[in-house]
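Good morning, and thank you for joining. I would like to take you through a structure with two chains on the screen, beginning with the annotated domain and ending with helix packing.

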Amino acid sequence: MELTRRRILATGGGLGVGLLLAACGSGPRRAAAGDGPATGPPRRGGTLRVGAVGKASAVNRDPHGVQVNDSDYLILALAHDPLTVPGHRPNVVPRLAARWESDDLRRWRFTLAEGATFHDGTPVTGADVAWSLRRLRATPAGATRLPGIDAGGIKADGRNAVILTSDYPNSEVPLLARLTTFTLKEDTTDVTRAPGTGPFRLESFRDGNARLVRNDAWYGGEPPLDAIEVRMFESPQAMTSALLTGQIDLASNVGPVAARTAEGRDGVQVIRRPHDMAMPIVMRTADGPFADERVRLALRLAVDREAMVRQVLSGYGTVANDVLGTADPAYATGLTQRARDLARAGRLLDEAGFDRRGTYELFTTEDVPGLAESATLFATQMRDAGVNVKVVKQESAVFWDRTWLKAPLYTTYWGTNDSVVFFAGKTMQSGTAHNEAAWKDEEFDRAYRKAVGATRGTGRATALRELQRVEYESSGYLLWGMADGIDLAAAGVGGLPKLPGYGRVQLERSWLSA
Amino acid sequence: MAERLTAARGPAAPPAWRAGQSSASGPSASGPSASGPSASGPSASGPSASGPSPSGFSASRPLSLLLRGAAALAQRAVLLAVLLVAVFAAMEFLPGDAARSSLDRGASAAAVAARRVELGLDQPLWNRLLRWMAGLPTGDLGVTSRGEQVAEVIGRHFPGTLLLGGLAFAVTMVAALALAVVAALRPSSALDRAISGTSTVVAALPEFVVASVLVLLFALWADLLPAVTVTAAGGGPASAAMLVLPVLSLAVPQIGWNARVARAALADECTAPHVEAAVLDGLPPRRVLLRHVLPGSLPTIAAGAATSVGMLLGGAVVVETIFNYPGVGSVLAGAVRDRDTPLVAGVVMVTSVAILAVLLAADLVRGWASVRRP
């Protein structure tokens, strides 16, 4: 009990600092000279001090381990390269794999980058990549990290290529290879000391903090920075304080409260990375009070999306339209944007015979900033439509054990938002193990199979449009908005990442002005 | 938890040596012994409760002290064991388990079940508890849900907390005693009233309020001290200046509390006959205070300080988070969240041992202070 009280105090304490910081309009700054983002050609040299959130109890150094901490992922991504990385358009761009091709969308051949070597100088081989992917596949969550590809389907092809064979035609294999496909040397036993292939080489590591130095021999071209120091922060509030007082140069993924605090200060850049986080509300479709499609539509019409973005995200976000994967180049912009229509929502509820006397529990957690707040505001808004929603806040462990995939109404969150097909495959097609709303729709499944089974071209485009239309009309998701990813940086830091999600770790082109 | 331990140790018992004094000069009703847990130090079982035996010869005193110390130690070991059982039981009753929270959310049910077996969570609570306790004598605190040795995790993080808590404790005692003495030298003066008033207010301030204000004043506005701690390659704070604000945040409320306790103890002691005699002998106030008043009030001050140790270690959890200080507090918070029972029990054990050690030291001070008087 004591612990709980302490934890509450800790939360309150963080909040207190945040509020005080917000109240303090201008203060001294020790940020680098000059105002605003660094301009001009990238300058070589300097050590970038980066803050990232992480819990001391969850530090993970295994490239294929459970990624809880932003700080760990940042360190791993700088030292090791995945096969592919997020891009703007297209959303998948080469990294350790220079190119990939497939004739039938089942058998994919990834060719490694010319001159790719480990930090100890030995060349990266197809065997190393295949071994690492098999290791990834063998982790407890391996089946969801490389869906449709089992260990037997991962084979080296000559010295510099690897072949992945999928159980079904899947155009999204290169996208799946973006996640944690970090390559280690074949038969590595001590993963914490294993040399990587990335733009920076790990020089020291201690309790979640690390120093990485430039890999001069990086196949992607020499990074401008001499070194990157990653500092782990227990809370975004402490990280904000550190940036504002010049103890770090970049606060990665620090959240909207920090942005509000820093907005308007000289010498601090607020970097917004749109479409970073989706926090949809899941309405169970298989059974329960939201099984009727009309009820789900009524809730989508009862929510005030602008107010949600304004209040939950402090305005650092965009309104969404119930289709997940908003940063996908193929995202359906043709669908009518839903707006609040309480009269129509009321009619739909009546038609469906919805019981308005009942109380409906909405389960949520505080896993990501704004999530619990979104649930509270949503509940308030639903009262306007005569639906009595009661928010139940759960601890993370309880939520993932008892609520996720099971409850009739709960909040969820996802950090990979640049692919419509990713969500369709992972959380909506009827065969997936993580069908969050227990949604089974034949029309949708058909569209999904067509989309992943089609090579680029009109067939795929049509299938994607169809898939999104069905999702928009009848899925179990209510996606009211998209949160921006927020980084704070001192003036004089240039070349910072602009992409959402894991794109935030791409610091190999960042630089410091003199 | 620490406060509990102390608070649960029984009602205030006046120091034994006083009990033998004439009723005319007994502890005044307004003294610290009647006004709060500060004087609740050793209860009936403490070394001082039974007082020195009337026939005690000075040569046998060290021996009896030793025996009492051993008895107190044994009692505390039992208390610690009970506490650890309670921790295991409490973790068991919390919903969710370490298997789920140490895996990705994408992990299959089969993977979670396999992990449960791997972590021994399929075993009954008693088996896990006994196996964990069996390892204790060899220093084996078990393995965390992420596969690390608990002893190693604690070994990396506990020194930081000890440093923070130790410094805060030292600052607390020096400042609190100085304030109390200054106030006691001029009873009822404006200074005395100011110190008493202020100490009451700051004693009631939660650490996070103090911490937030200090960060705002000294880091964000005045730009004098670093706002947060960044760790050096060795794992400790990169500079000593980074310790200042966390130590002050922890110490300020405790200074308030201890200054009040010490001030009241000094006032109480001032009414003792030997003090009155010293004053009548015309000794200078400073000398009376240091030689005659302070030693007598030491038991109460020691008890007050002992209660602060628990508060300091508890407050460290909050303060470490605000200042990003690398200590065991964040590990404990994370371990509870992850339902990592061996790690929680390990942290609870080392902090409890630290607290019990200080309580024991406080008891010894009281025992010593009481036997050295006729």
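Helices and strands here are DSSP runs, with at least four residues for a helix and at least two for a strand. With that in place, please bear in mind that the model is predicted.

Let me start with chain A. The UniProt record, an unreviewed entry, assigns residues 91-419 of chain A to "domain: Solute-binding protein family". In the model, the C-alpha atoms at the two ends of that span are 8 Å apart. Helix accounts for 26% of the span and strand for 23%.

Some backbone details in chain A deserve comment. Most residues other than glycine have a negative phi, and most peptide bonds are trans. Where does the chain depart from this? The peptide bond from A:Arg89 to A:Pro90 is cis, its omega being near 0 degrees. A:Pro90 sits in the loop that links strand E2 (84-86) to strand E3 (92-94) of chain A.

Positive phi values are found at A:Ser314, near 55 degrees, and at A:Asp322, near 70 degrees. A:Ser314 belongs to the loop between helix H9 (305-312) and strand E14 (317-319) of chain A. A:Asp322 is in the loop between E14 and helix H10 (342-351) of chain A. Is A:Asp322 buried or exposed? Its relative accessibility is 0%, so A:Asp322 counts as buried, the limit being under 20%.

I turn now to chain B. For this chain the UniProt record, again an unreviewed entry, lists "transmembrane region" at several stretches, including residues 227-252 and 343-365. In the model, residues 343-365 of chain B are 100% helix and 0% strand, and their end C-alpha atoms lie 33 Å apart. For residues 227-252 of chain B, the helix content is 46% and the strand content 0%, with end C-alpha atoms 17 Å apart.

Next, the packing of helices in chain B. Two packed helices are described by the angle between their axes and the distance between the axes. Take first helix H8 (residues 150-185) of chain B and H11(B): the axes are 6 Å apart, at an angle of about 40 degrees. H8(B) and H11(B) are therefore oblique to each other. Their crossing is right-handed. The residues of this contact comprise 23 nonpolar, 3 polar and 1 charged.

H11(B), residues 241-270, also meets helix H9 (residues 190-203) of chain B; here the axes come within 7 Å and cross at roughly 135 degrees. Why is this pair called oblique? An angle over 145 degrees would count as roughly antiparallel and 65 to 115 as roughly perpendicular, so H9(B) and H11(B) are oblique. H9(B) passes H11(B) in a left-handed crossing. The contact involves, among others, B:Asp192, B:Ser196 and B:Thr200 of H9(B), together with B:Trp257, B:Arg260 and B:Arg263 of H11(B). By class, the residues of the contact of H9(B) with H11(B) are 6 nonpolar, 4 polar and 3 charged.

I close with a single residue, B:Val328, in helix H14 (residues 328-337) of chain B. B:Val328 has a relative accessible area of 4% and is buried. Which residues does B:Val328 contact, leaving aside its neighbours within four places in sequence? They are B:His157, B:Phe158, B:Thr161, B:Glu320 and B:Val347.

How values were computed:
Residues numbered from 1 in each chain as written. Chains lettered and ligands numbered in written order. Predicted model: local features only at pLDDT ≥ 70, side-chain atom pairs only at ≥ 80, totals over all residues. Heavy atoms only, no water. Axes fitted to C-alpha atoms, helices over the stretch in contact; angles between N-to-C directions. Parallel < 35°, antiparallel > 145°, perpendicular 65-115°, else oblique. Left-handed = near helix turned anticlockwise from the far one by under 90°. Contact = heavy atoms within 4.5 Å. Nonpolar A, V, L, I, M, F, W, Y, C, P; charged D, E, K, R; others polar. Buried < 20%, exposed > 50% of the residue type's maximum accessible area, 1.4 Å probe, protein only. UniProt positions renumbered as here; feature names shortened; annotations may be inferred.
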